[in-house]
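Biologist: Got a minute? Can you walk me through this one?
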Amino acid sequence: MLLFGRLADLAGWREREIPAASLAALRGVLAAEDPALFEALQAPAVRTAVDQALVTLDVALRSDSEVAFLPPMSGG
Amino acid sequence: MIRLVQAPFDPGEALGEFCRDRTETGAVASFTGLARAENGRTDILELEAYPGFTEREIARHEAAARERFGLQDTLILHRTGPISPGEAIVFVAAAAPHRRAAFEACDFLMDYLKSRAPFWKKETGPDGARWIEPTERDRDDLARWETQ
């Protein structure tokens, strides 16, 4: 699992291995472990990517799936 | 083409190279974005990307710009990592048979990069660090292209 931008600052880490069979299960693990991070991930502006593709619904995860949480983006 | 670059680059050199050997291009427009010091409030800017994902997302919009404006070629250079005030953060160039398409394509690509491209930007200065997110103005700029 990967965190970017302010989410990584909030959690204090950017990358971790977390066993979970689905996105919902992963959120459940985070809710128990770090409620502030869980709350931040629920914000509508935070997008979720699984294996580098954006997803909007719950999806099943494999043991090698890469989940990334993306806060509002800004380049330039 | 989109390239993420770690080290400072020379936008003039990038433009010179982009223009080279074009005998059917009537117009090349370019835009260079520089890091601002914000009157001493910013010492360093840090740009984070999601390698692989960031390039692919930008490439999708680059392809959309080429089709929409009938471009012959585009180049986007975008810094990642720590950037000092005065350094170029982003360089966009568009080549087209005529000028209007080239101007508009740079405008379009920059509006996209400002508020949608997968980068996360943090400014650090004497008052600490802050994450920069798209402003209302950035969103309004991008919305101009959706209604046309």
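Modeller: Sure, here is a short tour by chain and contact. Keep in mind that this is a predicted model.

Biologist: How many helices and strands are in chain A?

Modeller: Chain A has three helices and four strands. Along the sequence the pattern runs β-α-α-α-β-β-β.

Biologist: And what is the radius of gyration of chain A?

Modeller: The value is 12 Å, and the globule rule gives 11 Å for 76 residues. Those are close, so chain A is as compact as a globular protein of that length. Its C-alpha atoms fill a box of roughly 35 × 25 × 20 Å along the principal axes.

Biologist: What share of chain A counts as buried?

Modeller: Of its 76 residues, 21% do.

Biologist: New topic. How many residues does each chain bring to the contact?

Modeller: Chain A gives 13 residues and chain B gives 22 residues. On the chain A side, α1 (5-11) and β4 (67-70) each supply at least two. That side has seven nonpolar residues, five polar and one charged.

Biologist: Over to chain B. What span should helix α2 have?

Modeller: Helix α2 of chain B covers residues 53-69, which is 17 residues. At 1.5 Å a residue, the helix should span 24 Å. The end C-alpha atoms are 25 Å apart, which agrees.

Biologist: Which residues in α2(B) are buried?

Modeller: Phe53(B), Thr54(B), Glu57(B), Ile58(B), Glu62(B), Ala65(B) and Phe69(B).

Biologist: Why would residues three or four places apart point the same way?

Modeller: An α-helix has 3.6 residues a turn, so they do.

Biologist: What follows α2(B)?

Modeller: Gly70(B) does, with a positive phi near 60°.

How values were computed. Residues numbered from 1 in each chain as written. Chains lettered and ligands numbered in written order. Predicted model: local features only at pLDDT ≥ 70, side-chain atom pairs only at ≥ 80, totals over all residues. Contact = placed C-beta atoms within 7 Å. Nonpolar A, V, L, I, M, F, W, Y, C, P; charged D, E, K, R; others polar. Rg over C-alpha atoms; globule rule 2.2 N^0.38 Å. Buried ≥ 20, exposed ≤ 12 C-beta atoms within 10 Å, placed from the backbone. Expected span 1.5 Å × (residues − 1).
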